[in-house]
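Subject: Structure handover

Hello,

Here is the structure I promised to pass on. Please open it first, then read my notes below.

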Amino acid sequence: MARVLMLTTSPDRRGAEVFAVALAEALEPLGHRCTLLAVRPAAASNPLPIPAAGRSRWDPVGLSRLASAARRHDVVVGHGSATLLAGSLAARVARRPFVYRNIGDPAQWGEVPLAAARIGWPLRGAAAVTALYEGAREELIGRYRLDPRRVRVVPNAVDAAGLGATELDATELDATGLGDTGAATAAPAVGPLDPDLDRVGWLGALAEEKRPELAIRAVAGDPGLGLLVAGDGPLASEARRLATELAPDRVRFLGSVGRPRDLLDHVDVLVVPSRTEGLPAAAIEAGMVGLPVVGYAVGGMPEVVLDGVTGVLLDPRSADGPDAPAALAAALRDAVARGEELGVAARQRCLERFDLPVVAGLWSEVIDSVT
């Protein structure tokens, strides 16, 4: 049995943090005892139950606590870029192996000043590095001169059994937002949704790299589409303003939801128009409940969404042109029309490749290999 210290950037409900909590639980039956610790405190409300080591990423007291916690464990696992240097240093001080989990597209997040030192040095010192898909693995090896034997592909995962079914029906959702689900309080709605609309879902952060404005413009351009937005983030106010301007009766903001199915059970297709992605959990969750996904062929998206088979993927080079909203709307309309066919294939693929028990077994192998 290995004692595993799982490090996250913060307790905020972002993809890497949610996965770390789920993975820690899934590793327990496999003989590993996991402790979760965040590098810095939460920045948003409704955080995950993860204690923070310090007041910021470079808080000396926090770094000292990280090293102290590392000494009480057999291995340190860092989830995401903010944990890379801090986790590597803590593991070195404690003389424990460090495993880094790359959570995005390394071709994108590696474009920072002094990347060779800030990223390459701690990566080369890691006992193991995991990438979400083969393209990311090759990029990490080539860009940072990593030993290929230490870099493995371990995909993102979702616990299919834990997805559960929402107890709300569509009428109740339309009338009251989220109802009494125990989830975070929903943001004020931007007009009611006509029940005759085909519903597009958004599940995730309202951030620049996710391009929420493109989803809103696409839906606004097709009078037969409505958009349900579950998530919050730095572009929330701007997204609400744009929705009010372009489609006030066809966009609804739910805020952060407690369960993915609070959204997924009430839409016909999920839109993921990001400019960069790793292996998005939202796309996996949609696939597991039989929903097609529409987005762009960036990062690991083609691993989750097979174009024309489980959803629709567009050329990322077309995303910034003047015709991008219309092209995205047409793809959404295509996915809705073939929803049952695409959804069945999406469910089969996601359950076979991305169910948490399957991926937890791969993680157990990684941990055993370094301890």
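The accessible surface of the chain is about 15,700 Å². Carbon and sulfur atoms account for 51% of that surface. Keep in mind that this is a predicted model.

Overall dimensions next. The C-alpha atoms fit a box of roughly 60 × 40 × 40 Å along the principal axes. The radius of gyration is 21 Å. A compact globule of 371 residues would come out near 21 Å, so the chain agrees with that expectation.

As for the fold, the chain has 16 helices and 12 strands. Of the 371 residues, 53% are buried. Contacts reach far along the sequence: take those between residues at least 6 apart, and 70% of them join residues at least 24 apart.

Now some local detail, starting with helix 3. This helix spans residues 84-94 and holds Ser 88. Leu 89 lies in helix 3 as well. Are these two neighbours buried or exposed? Ser 88 has a relative accessibility of 3%, so it counts as buried, the cut-off being under 20%. Leu 89 has 34% and therefore counts as partly exposed, since that class runs between 20% and 50%.

What does each of them meet? Leaving aside residues up to four places away in sequence, Ser 88 touches Thr 83, Phe 98 and Pro 122. Leu 89 belongs to a nonpolar surface patch together with Trp 58 and Trp 121. The patch covers about 300 Å².

Helix 6 is the other element to look at. It runs over residues 134-144. Which of its residues are buried? They are Ala 136, Arg 137, Leu 140, Ile 141 and Tyr 144. These residues span an arc of only 135° around the axis, so they sit on the same side of helix 6.

What does that buried set pack against? Two helices and two strands are involved: helix 4 (106-109), helix 5 (115-125), strand 5 (128-131) and strand 6 (151-153).

One backbone point to finish. Arg 145 comes just after helix 6. Its phi is positive, at about 55°.

If you want a viewing order, start with Ser 88 and its contacts Thr 83, Phe 98 and Pro 122. Then turn to the patch of Trp 58, Leu 89 and Trp 121. End on helix 6 and its buried residues, among them Leu 140 and Ile 141.

Best regards

Definitions and conventions
Residues numbered from 1 in each chain as written. Predicted model: local features only at pLDDT ≥ 70, side-chain atom pairs only at ≥ 80, totals over all residues. Heavy atoms only, no water. Helix = DSSP H or I, 4+ residues; strand = E, 2+ residues; numbered from the N terminus. Buried < 20%, exposed > 50% of the residue type's maximum accessible area, 1.4 Å probe, protein only. Contact = heavy atoms within 4.5 Å. Patch = residues over 30% accessible without salt bridge, like charges linked within 9 Å, V, L, I, M, F, W, Y side chains within 5 Å. Areas by Shrake-Rupley, 256 points an atom, 1.4 Å probe, with all protein chains shown as cover. Salt bridge = Lys/Arg side-chain N within 4 Å of Asp/Glu carboxyl O. Rg over C-alpha atoms; globule rule 2.2 N^0.38 Å. Arc of directions from axis to C-beta.
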